[in-house]
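Reader: Hello! I would like a close look at a single part of this model, with enough of the surroundings to place it. Could you walk me through it?

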Amino acid sequence: MAKGPGALPMETLDCLSARVTATRFDPDRGIDQEDLRDLVRHACRAPSAFHQQHWRFVAVQDAEARAALGEAAHGDPRVAEAPLVLVALGDLRAYEDLAETLRPTVEKGELDRATADRWVRQAAKEYSQPQAARDEAQRSVSMAVMCLLLAARDKGLASACLTNLDVDALRAALAVSERYLPVALVALGHPLPGDTPRQKVRLGLGTVLHEGSAEALPG
Ligand SMILES: Cc1cc2nc3c(=O)[nH]c(=O)nc-3n(C[C@H](O)[C@H](O)[C@H](O)COP(=O)(O)O)c2cc1C
């Protein structure tokens with residue numbers, strides 16, 4: 001994506017305004033394995049609290065498996081049509097493995113050991129509350145999914161993030177244990193020629209931007 005320090009902001013902003021939720025995918029064009037791996041590498045660039053990196057992705061490419069997964073997405077036809085579906089999961093026990101997760105960063109000298117140790121202690125305390133662990137997993141994985149959607153757009157790929165899921169059916173279809181929270185399903189493929197969905201109109205700044213306090217927001 002980045003072609004140089006000067007180019008990065010422009011290209012990222014272009015991707016933000018050009019990304020759109022796909023309504024169709026070209027059923028005749030697959031995604032090559034290096035692109036798949038590259039998309040996931042970009043998704044992993046997302047930030048996360050205490051650098052827990054809750055995200056895990058299950059790549060579903062087999063046509064039959066996608067058809068079965070489509071059932072878990074309440075029959076959304078895009079799941080069977082897209083050549084690649086990435087199911088984004090959040091690790092509800094990421095905090096338990098945090099020392100190990102942080103080790104390469106500490107060894108590289110990008111994080112001092114004392115800070116890492118403090119993060120491990122703080123995370124253990126904070127996320128022993130199941131709701132807090134779940135909220136954080138949702139946040140982290142959502143950020144990773146956004147990175148994934150932008151990376152896909154940058155590559156000229158079409159994407160659709162879906163969360164209207166039958167979670168039990170999805171768990172059964174992909175053997176997802178209780179440790180992992182299904183957060184979203186991302187259908188990916190090449191755009192169907194001639195199908196050009198446009199990004200929907202956003203709420204205006206008058207509604208979304210507030211200076212200094214939230215008191216003007218309706219209660
Ligand atoms: C977290 C999330 C969940 C979504 N779930 C669904 C879904 O289940 N079905 C669907 O058709 N679209 C889903 N979408 C797509 C949204 O409807 C879409 O992003 C929104 O209408 C704005 O359109 P745009 O992405 O084309 O700008 C989801 C998007 C997000 C970010």
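**A close look at A99 and its surroundings**

Author: Happy to. A99 counts as partly exposed, because it has 16 C-beta neighbours inside 10 Å, and a residue needs 20 or more to be buried, while 12 or fewer would make it exposed. Please keep in mind throughout that this is a predicted model. A99 sits in helix α5, which covers residues 98–107. Its C-alpha atom is separated from that of W119 by 8.6 Å, although the two residues are 20 apart along the chain.

Now let us place that helix in the whole chain. The chain contains nine helices and four strands. Read from the N terminus, its elements follow the order α-α-β-α-α-β-α-α-α-β-α-β-α. The C-alpha trace spans about 55 × 45 × 45 Å along its principal axes. Of the 219 residues, 31% are buried. The contacts also say something about how the chain folds back on itself: among those between residues at least 6 apart in sequence, 79% join residues at least 24 apart.

Next come the strands. The four of them form an open sheet in the order β1-β2-β4-β3, and the pairing is antiparallel. β1 (55–60) and β3 (158–162) are at the edges, where each has a single partner strand, so one side of each has no neighbour in the sheet. From one strand to the next, the twist averages 25 degrees. For the pair β3 and β4, the antiparallel match runs over five bridges. Within that pair, C161 lies opposite V186 of β4.

The helices offer a packing example of their own. Two packed helices are described by the distance between their axes and the angle between them. For α2 (residues 33–43) and α7 (residues 130–154), the axes come within 7 Å and cross at roughly 135 degrees. The two helices are therefore oblique to each other, since an angle would have to be over 145 degrees to count as roughly antiparallel. The crossing of α2 past α7 is right-handed. On the α2 side, the residues involved are L39, H42 and A43, and they meet A144, V145, C147, L148, A151 and A152 of α7. This set of contact residues divides into eight nonpolar, one polar and no charged.

Two further residues make useful companions to A99, and both are exposed. S177 lies in the loop between α8 (167–174) and β4 (180–189). It counts as exposed because it has 8 C-beta neighbours inside 10 Å. Its C-alpha atom is separated by 29 Å from that of A158, a residue 19 positions away along the chain. G219 is found in the segment after α9 (205–208). With 4 C-beta neighbours inside 10 Å, G219 also counts as exposed. Between the C-alpha atoms of G219 and L39, 180 residues apart along the chain, the separation is 40 Å. L39 is one of the α2 residues that meet α7.

To return to your close look: A99 in α5 is partly exposed with its 16 neighbours, and its C-alpha atom is 8.6 Å from that of W119.

Definitions and conventions:
Residues are numbered from 1 along each chain as its sequence is written. This is a predicted model: local features need pLDDT of at least 70, side-chain atom pairs count only at pLDDT 80 or more; totals for chains, interfaces and linings use all residues. Two strands pair if DSSP finds at least two bridges between them. Axes are lines fitted to C-alpha atoms, for helices over the stretch in contact, and angles run from 0 to 180 degrees between N-to-C directions. Angles under 35 degrees count as roughly parallel, over 145 as roughly antiparallel, 65 to 115 as roughly perpendicular and the rest as oblique. A crossing is left-handed if the near helix is turned anticlockwise from the far one by less than a right angle, and right-handed if clockwise. Two residues are in contact if their C-beta atoms, placed from the backbone, lie within 7 Å. Ala, Val, Leu, Ile, Met, Phe, Trp, Tyr, Cys and Pro count as nonpolar, Asp, Glu, Lys and Arg as charged, and the others, Gly among them, as polar.
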